[in-house]
Amino acid sequence: ESPAAAGQARIVPLELVEAGPLAKLLCRFVGHIGPLHSPEGMQGAIMETGRPRIVLASIAGAASKVLRKPGWFYEVTGPPAAMIDDVGACAVPNDHHVLFGPGDPDGLASELATSLDCQVAIVDANNLSGAWVVGASQGVDRPWLERVLSDNPAGNEDQQTPVVLVRRTEQDA
């Protein structure tokens, strides 16, 4: 999903992201990994989803930590916040940027599928949380694709494999 977003110019240099007080406060509660642990990454989430939703999501996130049922923050903020990558998640030369998720990922996948004459999926895959099909053209089996990409076979970080060809074999059918 990162190359798709970068291709749509949904990438902002850190110098242009001025983290406000809310972002500086909330990023302290995220932990040491994840894109929203930096003030700039959290500010990106505020920019994408709005201040009221982030505050509500933070309350939900705090409750989910108490109840030991993580994930409520992203349930409230939705995909735009979940797709943000910040300096810790971006590869060179974009390692000094905040990268937002692609706009209209289903539409982009459909447009690419028409141009390429094949099915297309836009996937957020990493070594920590598996794979998530954020956009797909018609006919893509999202659950199957997430399952086969869940161990992130294309690698993460320095592997830099933004395009992966996937096809079913007789074993997968």
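1. Quick bit of vocabulary before we start: two residues are in contact when heavy atoms of theirs lie within 4.5 Å. Keep that in mind for the points on Thr49 and Ile54. Also remember that you are looking at a predicted model.

2. Let's begin with Thr49. You'll find Thr49 in helix 3. Buried or exposed, what is Thr49? Thr49 is buried, because its relative accessible area is 17% and the cut-off for buried is under 20%. If we leave aside the neighbours within four places in sequence, Thr49 is in contact with Ile54, Thr77, Pro80 and Ala81. There is also a link to the backbone: the Thr49 side chain reaches the backbone oxygen of Ala45 at 2.8 Å.

3. Ile54 is a good residue to click on next. Which residues does Ile54 contact, leaving aside its neighbours within four places in sequence? The list is Leu26, Ala45, Ile46, Thr49, Phe73 and Thr77. So Thr49 turns up among the contacts of Ile54, and Ile54 among those of Thr49.

4. Now zoom out to the largest nonpolar core, which has 18 residues. Ile54 is one of those with the most contacts inside this core, along with Leu36, Met42, Ala45, Phe73, Ile84 and Val98. Helix 2 (21-26), helix 3 (39-49) and helix 4 each supply at least two residues of the core. The largest share comes from helix 3, with three residues.

5. On to charges. Side chains of opposite charge can pair when their charged atoms come close. How many salt bridges does a search of the whole structure find? It finds three, and they are worth taking one at a time.

6. Glu48 and Arg10 form a salt bridge, with the closest N and O atoms 2.6 Å apart. This pair links distant parts of the chain: Glu48 is in helix 3, while Arg10 is in the loop between helix 1 (2-7) and strand 1 (11-13), and the two are 38 residues apart. Glu48 counts as partly exposed because its relative accessibility is 28%. Arg10 also counts as partly exposed, at 23%.

7. The side chains of Arg142 and Asp106 meet in another salt bridge, at 2.4 Å from N to O. Here too, distant parts of the chain are linked: Arg142 belongs to helix 8 (residues 142-148), Asp106 to helix 7 (residues 105-116), and they sit 36 residues apart. Arg142 has a relative accessible area of 30%, so it is partly exposed. Asp106 is partly exposed as well, with 33%.

8. In the remaining pair, Arg168 forms a salt bridge with Asp141, and the closest N and O atoms are 2.7 Å apart. Arg168 lies in the segment after helix 8 and Asp141 in the loop between strand 4 (130-136) and helix 8, so the pair ties together parts that are 27 residues apart in sequence. Both residues are partly exposed: Arg168 has a relative accessible area of 38%, and Asp141 has 32%.

9. Last stop, the surface. Which residues form a nonpolar patch there? They are Val66, Leu67 and Trp72, with about 310 Å² of accessible area together. Have a look at Val66, which lies in helix 4 (residues 51-66). Val66 is exposed because its relative accessible area is 67%, and exposed means over 50%. Try viewing Val66, which is exposed, after Thr49, which is buried.

Key
Residues are numbered from 1 along each chain as its sequence is written. This is a predicted model: local features need pLDDT of at least 70, side-chain atom pairs count only at pLDDT 80 or more; totals for chains, interfaces and linings use all residues. Side-chain values use heavy atoms; hydrogens and water are left out. Patches are made of residues with over 30% relative accessible area and no salt bridge: like charges are joined within 9 Å, nonpolar side chains (Val, Leu, Ile, Met, Phe, Trp, Tyr) within 5 Å. Accessible areas come from the Shrake-Rupley method with a 1.4 Å probe; for residues, only the protein chains shown count as cover. A salt bridge is a side-chain nitrogen of Lys or Arg within 4 Å of a carboxyl oxygen of Asp or Glu. Helices (H or I, at least four residues) and strands (E, at least two) are DSSP runs, numbered from the N terminus. Buried means under 20% relative accessible area, exposed over 50%, partly exposed in between (1.4 Å probe, protein chains only). A nonpolar core is a set of buried Ala, Val, Leu, Ile, Met, Phe, Trp, Tyr and Cys residues joined through side-chain atoms within 4.5 Å. A polar contact is a pair of N or O atoms within 3.5 Å; within protein, one must be able to donate a hydrogen and the other to accept it, and residues adjacent in sequence count only if both atoms are side-chain atoms.
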